[in-house]
Amino acid sequence: MRSICGDLLLQRLGPEGPAALARPINRSLYECIRAAILDGSLGPQTRLPPSRDLAAELGLSRNTVMFAYEQLLAEGYVHARTGSGTFVAATAPEAYLNAKAAEAKSAQAPSMPGLSPRGAELLANASASPSQWGAFMPGVPDVTRFPRRRYAQIAARLWRNPVPAWLSYCHGGGLPALREAVAAHLRVARSVQCDASQVLITEGIHQGIDLVVRLLGMPGEQAWVEEPSYWGIRGLLQMSGIHMVPVPVDEEGLTIPAQHHSGPCPAPRFIFVTPSHQYPLGAVMSLNRRRALLEYARSHGSWIVEDDYDSEFRFSGHPIPSLQGMQTEAPVIYIGTFSKTLFPGLRMGYMVLPRTLADAFQTAHSELYRAGHLVTQATVAEFMHAGDFAAHIRRMRLLYGRRRAILADLIERYLGANALHRYGSNAGLHLVLCLPDDADDVAIAQEAGRRGILVRPLSRYFLGNVVQRGLLLGYAGVPEEEIGPAFEILLGCLGDKGPSRGRRSA
Ligand SMILES: Cc1ncc(COP(=O)(O)O)c(C=O)c1O
């Protein structure tokens, strides 16, 4: 069996193999390996094959390979560890000497075809943060509280003897046991009208939205998106050529534009909403608006896409049922995620499809994404069936409710009650701190980042004109004792938009 290093050297030597090595052969073998180290193909700490094995792989004498290794050793390209083998050095000797030459070379690199216009636009508007953990990163649950021991026990047991099919590709919308568990959870916790045949397991809401726009939309068609709205949706729609129309939200949720009630305006193909907890402002869509939206979508042939990203976390008052569950056979595609209830790195979510679409979506999902992760799906299914999922949500609801209260109290105390966005309800993983209209929320967020505090500027969530400035603060992942100190640092970044504008009392 050839080693990866042997494969590399044979590729470099071409079809003639070692016969292509100039004489003396040991010297050219040394040069060939040295070049692979210098161009990074053999990275730092890569283990080279034992000289005897490499000699056999290349059809050379062992002495030839040993000469090459000794030369590399003498010049510091590799080091030997007794009993373990020969390894590429952490820093090759020429790495420093050649750095300038490499820079100059890359500056003169011939131009290559660049990104497509839509690829370039995606990159120009890229919004995902390079840091995803720490006070006050919005949208991230407390991953340190995830019951990983229990989860690992289930996973370890399943891995000991997995059904062979679980290690292959996934087809048909996901593991039946997980689809059953998700349907049962959504029927009870979210009043979603569904059974397992309508459930499709995805790699998260992003993938669900991607599938919806590809299967049901055509380039040039319209989608209404909430204004302001989740930034993540925009890149997805834009990549499918869907034209986004920002529709303002108020304290009752999305406002159907007046001209659409009466006039001959073209109806959108999609209406993207977060009715249970508007993202990012926090409003709950009122019953009247829900009815009007369902009515509008039905009569105009539009699809409502309900993004129910964090609705399990409501800390007081009545639970808010899903929009999908309000009508039988509603024109709604319901999309949810385990990113908030379990952890984002799991990359697992689900969709509930109208019966007429379920088969098509399940097949298309396999065609487009060649899904997998069936052992993980089996683990999550058992975690749900055994009651661990529901128990975790209950515990996190209490925890996040306490953390929200601490942060909201600090904001009120130092910046005044008006600093908390008035649409915000006692729910979710983040809240919105309002800033005066003349505040530069982007600059404040950048300054906070420099001081180790992660916040997101509200202005970045507007597709059209920015009508409000503020900061999104995630509290779910911040231990109670760290909320105060982190908030104090944030106050220091607000400058004249800070405490002097509120009622400072402590
Ligand atoms: C409104 C909203 N939808 C979707 C997502 C992403 O969900 P997923 O991780 O399942 O792709 C987020 C993440 O924060 C969100 O805030």
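Start by selecting Pro-228, which sits in the loop that runs between strand E5 (222-227) and helix H10 (232-239). Before you go further, keep in mind that this is a predicted model. Now add Glu-227 to the selection and look at the link between the two residues: the peptide bond from Glu-227 to Pro-228 is cis, with omega near 0°.

There is another cis bond to visit. Select Ala-135 and Phe-136; the peptide bond from Ala-135 to Phe-136 is cis, and its omega is near -10°. To place Phe-136, find helix H6 (117-124) and helix H7 (148-160), and look in the loop between them.

Next, click on the ligand. The space that the ligand takes up is the largest pocket. To see what surrounds the ligand, select Gly-204, Ile-205, His-206, Tyr-230, Tyr-279, Asp-307, Tyr-309, Thr-337, Ser-339, Lys-340 and Arg-347. Colour this shell by residue type and you will get four nonpolar, four polar and three charged residues.

Stay here and show side chains for three members of the shell:

- Asp-307 places a polar side-chain atom 2.6 Å from a nitrogen atom of the ligand.
- Ser-339 has a polar side-chain atom 2.7 Å from an oxygen atom of the ligand.
- Arg-347 has a side-chain N or O atom that is 3.0 Å from an oxygen atom of the ligand.

Switch to a surface view for a moment: of the 400 Å² of accessible area that the ligand has on its own, the protein covers 93%.

From the ligand, move to Glu-329, in the loop between strand E9 (303-307) and strand E10 (332-337). What is the phi of Glu-329? Its phi is near 55°, a positive value in a residue other than glycine.

For the last stop, select helix H15, residues 388-415. Try the distance tool on the C-alpha atoms at its two ends: they are 40 Å apart, which agrees with the 40 Å that the 28 residues of H15 should span at 1.5 Å a residue. Then step just past the end of H15 to Gly-416, where phi is positive, at about 95°.

Terms used. Residues numbered from 1 in each chain as written. Predicted model: local features only at pLDDT ≥ 70, side-chain atom pairs only at ≥ 80, totals over all residues. Heavy atoms only, no water. Near = heavy atom within 4 Å. Polar contact = N/O pair within 3.5 Å; in protein donor to acceptor, adjacent residues only side chain to side chain. Areas by Shrake-Rupley, 256 points an atom, 1.4 Å probe, with all protein chains shown as cover. 1 Å grid on protein atoms, 1.4 Å probe; cavity = no way out; pocket = protein on both sides within 12 Å on 5 of 7 lines; lining within 4 Å. Sits in = over half its atoms within 2 Å of the grid points. Nonpolar A, V, L, I, M, F, W, Y, C, P; charged D, E, K, R; others polar. Helix = DSSP H or I, 4+ residues; strand = E, 2+ residues; numbered from the N terminus. Expected span 1.5 Å × (residues − 1).
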